[in-house]
Amino acid sequence: MSKAQADIAHDAIWLRRDAEKVGGALPPLLASAERLAASVAMGGHGRKRAGTGETFWQYRRAMPGDVMTAVDWRRSARSDKLYIREMEWEAAQTVSLWADDALAMDYKSDPSGRSKADRAKLLTLALSVLLVKAGERVALLGTDAAQPRSGETQLRRMAMTLAQEREDRPDYGAPPQERITPGGRAVFFSDFMGPKDEIFDGLARAAEHNVSGVFVQIVDEAEEAFPFDGRVIFESMAGVVQFETQRAKALKEAYLDRLAERRAILQDTARRTGWQCLIHRTSQSPRQALLWLYGAIGGQI
Amino acid sequence: MLSIGSLAFLTPWLLTALVTLPILWWLLRAIPPAPAKRAFPGVRLLLGLTDPERMPERTPWWLLLLRILALALAVLAFANPVLNPRSADLARGPLLVVLDGSWASAPNWQDRLARTADVLDRAGRNGRTVHLHVLSDPLPPEGLSFRDAASWQQRLEGISPNAWSATRGEFATWLTDQDAEFDTVWISDGLATDGDADFMAALAGRGTVTVVQDARATLGMGAPRFEDGKVLASVLRSRSDVAQAPVTVSAIGLDPNGLERKLGEAQAIFEPDALAAEVEFDLPVELRNRITRISIDGLRSAGAVALSDDGLKRRKIGIVAGRASREEQNLISPLHYLRTALEPSADLIEATLGDILNAAPDVVIFADVGTVAGEDRIRLEDWVEKGGLLLRFAGPRLAQSGEGQLQEDPLLPVRLRAGGRSVGGALSWGAPKTLRPFPESSPFFGLSVPEDVAVTSQVMAQPDPNLPERVMAALEDGTPLVTGRAQGTGRVILFHVTANADWSSLPLSGLFVQMLDRLAVSARSFAPDAEDLEGETWVPISVLDGFGTLSDAGLLAGVDGADLVSNPPSALQPPGLYEAGDRQIASNVISAETELAPLQGLPAGFVQEGFDVAEEFSLKPLMLVLAFGLLMLDVLATLFVSGRLTGPRVVAGGTAALLALALTLPQEASAQDSDALAQLATTQTVLAYVQTGDSRTDQISEAGLIGLTLVLNRRTAIEPVAPVAVDLERDELAFFPFLYWPVTELQEIPSEAAYAKLNMYLRNGGMILFDTRDAHLGGTLGSGTPNGRMLQRLAANLDIPPLEPAPEDHVLTRTFYLLQDFPGRYARTPIWVEAAPDIEEVDGMPFRNLNDGVTPVVMGSNDWAAAWAVDADGRAMFPVGRGSNGSRQRELAYRFGVNLIMHVMTGNYKSDQVHVPALLERLGQ
């Protein structure tokens, strides 16, 4: 038992290290504060409006009702009017992350490559590292680290959770049911290959809570190219779903159509709810995806 | 045993298993390959799909064939197939094995022995008794003795070929006395001899005959002869119907150190139908005289060696006359007859005695020379002492000189009497004297004396106790005509008559030449015939064995001269070198008359065989390996048919194609197809980058230009298509308005031709953006970074005008956007452009009046391509700067790109003063 614990800790350290390596080259993330809601936790970035904070925002003419202590005398001395020095409102944002850990995510077509789950975990943590460095709060949905927190401890907790393998994992993952911090942002890493109803219900529910975010569909090359031929019995990772074909090659067109259709629905859902959508292949560099995510969360794209 | 042609099966009953093959066929056809099971998360997307086509359920025919073939091979293999099986020899009874054993058998003697051993082996196994006889050996005195084969087997190694031909006729005659019935195996040399017909008839009468002979032609080396200053020899062959490769013939002789060396080499090339080919050795006299034999290279046979004898030797003969001859009196010249006799066969030297002795002659002939005095005499005596032959002819001068009259002269064989004698003249009694037949002790013994030879005058020898033994020829009254004696190792010989026809008619007769010949003064220019050698005994000094090796003759008996030339070599007279007196004759296997004829006229009943007996060869291992190989192939094929061979690993190509599809722009035009490239580049605007050979750099360059192309398309009227890569060595550059050239440390310096193209490109209005991409390493130009140094090396051969850091008012700052800096991924390092002409800045004017010149190069280190680079989905590939500043910097990088391309396209349009007011207004705030 203790050995298993040690292994998990070991895995966690390596995962953390990889994540920091990938994220290290990016500047700290300053997430846009546009949709920052009533959350009051102070964060390290301004919200481009006057409020409580330490950074100078603007001088404004003193209005009746302003307290005298707020007057900036140095500025006021240069004219006949009284001026008040306002600070920028700084607050931390909550980003909820979900990395699908279903069995389907374990798939990798190239034995020497990375599985989709590996990639999802790496991106999750890398993004978390960036966010925490920028002072944001992160939450890992569906795990022990679901409570939004900031700081090294949270990162460590997330890394431990991600490195740990959950028991009785389902064949396909569905977006978590739990409540996402309203007004925050969310990033969902999954292959979105599960049953249509489960997935899109979950996505819609997440969008309902005034949460905007990103769907990252992580796919394997084989899932896009469908390089099979001959008589094949396809089965899901747990073997629950089976499908037998006489000639796999002949099904390629139909399969690709369905894949495109599923993506279209995903993108449609995203568009309707104001989310964004990224398709990431495990053969691509994770840095590209992270760069894009950085832009997406920062609201720059 | 079951045999089909040269194939036999040792276990034929196993072949019945082949019957099962059709059953197998039926069984295999009925079983389709099992489906493969694959885990695949995308299976949910597949649910509900129906198969548009079905996989053939039955095994494909070629796979069936493969399996059936493998099995059939296995069955055949276990039936023990054997190639060239030894047929059982069922014959019984005595067996006669005859080998020709002649020189012609020598080249492949080991094959013959092996074949003979094989015959003996089989005879032994069948319990046959054997008599073995070599036809060139003497006939066995005890008659045919059929014995156990094993006892012959032991003797076999001791048998070697003889240097003469097989005596088949004699054997046939001898065989008539023998009373036995037997089968015969005749290992023949393939050459015809005289007694062939008798021989074959004799053998055919006793039982079956098997003839083993070689299909190849037998080669023989003819005796060398001398013609026109060259040594000629011919190579003979026995058959002209088989192609014969050119034969190398070597002339071998002793070098001055006494070692055998190859003195010359020649190629004999046979004309298609010719039975003989001539070879020619053109050698200097010294080498020619040393030739001891001529042989065919690489052929070990007595027939391939031709020994040379005196016939090839040309002696150097110095002739000295007592008085100078007068030209118009040739026939009475003292030297005329000597010259005529010797010229064809010797090299004559006519000079003063001193010069002659300097030339180291073999023979010196004095024609009527009186006294030799002084130093010449001492040298001449010395020369004779050391082996020279001095041949003197008498004459009036000798007679008058009184030489050797009072005491014995070392240069004369006998003492002479004062005065001579004259017979048969007008003032003398008696008839001219004729010659007495030569005595047996004389070197001239055997020569016939013509009757018309008469002597009218001569010098007389002083009667002496040892005169008789010095007389070599005498007149009929007993007076010596030719006398001679040894002097040291040399000889002195005196003809008591003149060398011309003054004193005798001897020089007019053929005898004169023959006598000179016998004295070894002249070499024969013709082959000696039996008559010439009649009565002489020639002793062999070295003989050839069957393989053509020369060895000492030992105690072999001498041979009569007539026999030597008229009879072919035999056991009694083996080929070799024979000697009589000072002369040598070579007896060669191949004489001038010899013709090599192939053995013909074999009776129809004779079984003919060659030497190349195919070995028994078991096919079992081969077939098993083949069957196993086919089964291995079957494994692969089965995997292929069931789709397991092409697993999901083989997808790289597919994904790449998909990525290419996802690209919004038409993807890279192949630079390889130069025509297509030219067409593309001339009909569209194309940005191009220089291939550096570093794939990562090239990839970034391309992605960067794609990014820039996207921006240009979106924002400006310049609408380039997808960028292309340019290979400086191969591609035409003239089509491209702009080249992006990232500098890498490991880049190859372009060739001369490429530089010529580049310079032409720059002169004709092209622009190159050099990017060292190392501003983060402090890489301002000239700061000595590796890439910077590389750029210096690259640009050294380029025709680049003077450069300066882009001034603030450079047209690049305002061709489209108004810029102050030219950032890429790195910012705030200057870029270098062509230096502007020195024009005064006017106060109040932001720009100088620079109307001309588009800079041909722009050099910088800001890594623009990386800042521009976008991936297939249009997302930036590299982070630039930090946060929103970074975005701004990327934007400025794009603006620089736009400005640069605008500058390329529109030149100095924006430095036109017409725009100044508008620009001033925009800059004014």
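# Talking through helix packing and cores

Colleague: So α3(A) and α8(A) sit oblique to each other, in what is a predicted model. What angle do these helices pack at?

Modeller: Helix α3 of chain A covers residues 116-133 and helix α8 of chain A covers residues 286-297. Their axes are 10 Å apart. Oblique means the angle falls outside the parallel, antiparallel and perpendicular ranges, and between 35 and 65 degrees is one such gap. The pair fits there, with an angle of about 45 degrees.

Colleague: Is the crossing of α3(A) and α8(A) left-handed or right-handed, and how many charged residues are in the contact?

Modeller: The crossing of α3(A) and α8(A) is right-handed. On the α3(A) side the contact is made by A:R119, A:L122, A:L123, A:A126, A:L127 and A:L130, and on the α8(A) side by A:P286, A:A289, A:L290, A:L293 and A:Y294. By class that gives ten nonpolar residues and no polar ones. For the handedness the answer is right-handed, and the charged count is one.

Colleague: What is the orientation of α3(A) against α4(A)?

Modeller: Helix α4 of chain A runs over residues 152-163, and its axis is 10 Å from that of α3(A). The two pack at about 175 degrees. Angles over 145 degrees count as roughly antiparallel, so α3(A) and α4(A) are roughly antiparallel.

Colleague: And how many polar residues turn up in the contact of α3(A) with α4(A)?

Modeller: From α3(A) you get A:K121, A:T124, A:L125, A:S128, A:V129 and A:V132, which meet A:Q154, A:L155, A:M158, A:A159 and A:L162 of α4(A). Seven of the contact residues are nonpolar and one is charged. The number of polar ones is three.

Colleague: Zooming out to chain A, what share of its residues is buried?

Modeller: Chain A has eight helices and ten strands. Residues 24 or more positions apart make up 74% of its contacts with a separation of 6 or more. Of the 301 residues in chain A, the buried share is 45%.

Colleague: Same thing for chain B: what share counts as buried?

Modeller: Chain B comes to 25 helices and 40 strands. For contacts with a separation of 6 or more, residues 24 or more positions apart account for 75%. Among the 925 residues of chain B, the buried share is 38%.

Colleague: Which helix gives the largest share of the largest nonpolar core?

Modeller: That core has 63 residues, and those with the most contacts inside it are B:A688, B:V726, B:F736 and B:L739. Another core lies apart from it, with 62 residues, A:L140, A:W275, A:L290 and A:A296 among them. Back in the core of 63 residues, the largest share is ten residues, from residues 883-906 of chain B, helix α24.

Colleague: How are α3(B) and α17(B) oriented to each other?

Modeller: Helix α3 of chain B takes in residues 61-78, and its axis comes within 8 Å of the α17(B) axis. The axes cross at roughly 160 degrees. That makes α3(B) and α17(B) roughly antiparallel.

Colleague: What is the handedness there, and how many nonpolar residues does the contact have?

Modeller: α3(B) passes α17(B) in a left-handed crossing. Residues from α3(B), including B:L66, B:L73 and B:A77, meet residues from α17(B), including B:M623, B:L630 and B:V641. There are three charged and no polar residues in the contact. So the handedness is left-handed, and the nonpolar count is 17.

Colleague: How far apart in space are the C-alpha atoms of B:L622 and B:L73?

Modeller: B:L622 belongs to helix α17, residues 620-641 of chain B. With 14 other C-beta atoms within 10 Å, B:L622 is partly exposed. Along the chain B:L622 and B:L73 are 549 residues apart, yet their C-alpha atoms are separated by 9.8 Å.

Colleague: Is B:A360 buried or exposed?

Modeller: B:A360 has phi near 50 degrees, positive for a residue other than glycine. B:A360 lies in the loop between α10 (353-358) and β20 (363-367) of chain B. With 10 C-beta neighbours inside 10 Å, and 12 or fewer being the cut-off, B:A360 counts as exposed.

Conventions. Residues are numbered from 1 along each chain as its sequence is written. Chains are lettered from A and ligands numbered from 1 in the order in which they are written. This is a predicted model: local features need pLDDT of at least 70, side-chain atom pairs count only at pLDDT 80 or more; totals for chains, interfaces and linings use all residues. Axes are lines fitted to C-alpha atoms, for helices over the stretch in contact, and angles run from 0 to 180 degrees between N-to-C directions. Helices (H or I, at least four residues) and strands (E, at least two) are DSSP runs, numbered from the N terminus. Angles under 35 degrees count as roughly parallel, over 145 as roughly antiparallel, 65 to 115 as roughly perpendicular and the rest as oblique. A crossing is left-handed if the near helix is turned anticlockwise from the far one by less than a right angle, and right-handed if clockwise. Two residues are in contact if their C-beta atoms, placed from the backbone, lie within 7 Å. Ala, Val, Leu, Ile, Met, Phe, Trp, Tyr, Cys and Pro count as nonpolar, Asp, Glu, Lys and Arg as charged, and the others, Gly among them, as polar. A residue is buried if 20 or more other C-beta atoms lie within 10 Å of its own, exposed if 12 or fewer, and partly exposed in between; C-beta atoms are placed from the backbone. A nonpolar core is a set of buried Ala, Val, Leu, Ile, Met, Phe, Trp, Tyr and Cys residues joined through C-beta atoms within 7 Å.
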